Amino acid sequence: MEFQSVIKKRRSIKQYIDTTVDDSAVVRAIELATYAPNHGMREPWRILWIKKDRLSAYAESFANIAFKNNDTKIAAFIEKTKLLAGILIVIGPRDRRQKEHYEDVLAVGGFMQTLSLALVGEGIGSCIKTQPPLLNPELSNHLGCQDHEMIYGAIYLTAQTEGEFKVRKNNDLITEY
């Protein structure tokens, strides 16, 4: 697929369609996304891949943290999440130095967006999630994050469908000095 087409075609696919993905396509997309620009070649990311057969277990852990004591929301979240093809949890360092942390956040954001584009190129739908429970230390510990790491976000994998095209609002984006 042509580069400009991939950029314009990428959408956050929020439809939960019972689907699967080819593991090798996901691996290719992740490997391609590692070429995303990042400061000082820090490459401050790693992926925890939750494949379809483990989605129920993950969803149960997530939901019990996110929706404590609300059995209705817990059950609904688990059922909805099981439809996904998988989830990629993006984990990286939590650097206490302000400049380095800022660079890591920018680099991880660039990696996640590049990964979304690479997934489109592989025919896989995705949606980046930054839900508050991802910042919960209980979930971080459950998922094996080290003390110096944090969860930056999750990328939900689903079917590539035609999402609604939204006109961009950046009409007067460029000014001159």
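Does Ser-140 count as buried or exposed, and what is its relative accessibility? The legends below start there and then move on through this predicted model.

**View 1. Ser-140 and its surroundings in helix α6.** Ser-140 counts as buried, because its relative accessibility is 8% and the cut-off for buried is under 20%. The residue belongs to helix α6, which covers residues 137-142. Look past the neighbours within four places in sequence, and you will find Ser-140 in contact with Leu-134, Cys-145 and Ile-151.

**View 2. Tyr-58 and Phe-62, a tilted pair in helix α3.** Aromatic pairs are a good thing to look for here, as the structure holds five of them. In one, Tyr-58 and Phe-62 have ring centres 5.9 Å apart and planes at 40°, and the pair is tilted. Both residues sit in helix α3 (residues 55-66), where four residues, about one turn of the helix, separate them. Tyr-58 and Phe-62 are both buried.

**View 3. Phe-62 and Phe-77, a stacked pair.** Now follow Phe-62 to another partner, Phe-77: the ring centres are 4.9 Å apart and the planes meet at 15°, so this pair is stacked. Phe-62 lies in helix α3 and Phe-77 in helix α4 (residues 71-81); the pair links distant parts of the chain, 15 residues apart. Phe-62 counts as buried because its relative accessibility is 2%. Phe-77 also counts as buried, at 11% relative accessibility.

**View 4. The aromatic cluster.** Step back a little to see how ring pairs join Tyr-58, Phe-62, Phe-67 and Phe-77 into a cluster.

**View 5. The whole chain, to place the close-ups.** Six helices and four strands make up the elements of the chain, and from the N terminus they run α-α-β-α-α-β-α-β-α-β. The C-alpha trace spans about 55 × 40 × 35 Å along its principal axes. A compact globule of 177 residues would have a radius of gyration near 16 Å, so the 17 Å of this chain agrees with that. Of the 177 residues, 41% count as buried. Take the contacts between residues at least 6 apart in sequence: 82% of them join residues at least 24 apart.

**View 6. Surface and charge.** The chain exposes about 11000 Å², with carbon and sulfur atoms supplying 52% of that area. If you are counting charges, there are 23 positive and 22 negative side chains, and the centres of the two sets lie 4 Å apart.

Key. Residues are numbered from 1 along each chain as its sequence is written. This is a predicted model: local features need pLDDT of at least 70, side-chain atom pairs count only at pLDDT 80 or more; totals for chains, interfaces and linings use all residues. Side-chain values use heavy atoms; hydrogens and water are left out. Helices (H or I, at least four residues) and strands (E, at least two) are DSSP runs, numbered from the N terminus. The radius of gyration is taken over C-alpha atoms; the globule rule is 2.2 Å times the number of residues to the power 0.38. Buried means under 20% relative accessible area, exposed over 50%, partly exposed in between (1.4 Å probe, protein chains only). Contact means heavy atoms within 4.5 Å. Accessible areas come from the Shrake-Rupley method with a 1.4 Å probe; for residues, only the protein chains shown count as cover. Lys and Arg count as positive and Asp and Glu as negative; His and the chain ends are not counted. The place of a charge is taken as NZ of Lys, CZ of Arg, CG of Asp or CD of Glu. Rings of Phe, Tyr and Trp (its six-membered ring) pair if their centres lie within 6.5 Å; planes under 30 degrees apart count as stacked, over 60 as edge-to-face and the rest as tilted.
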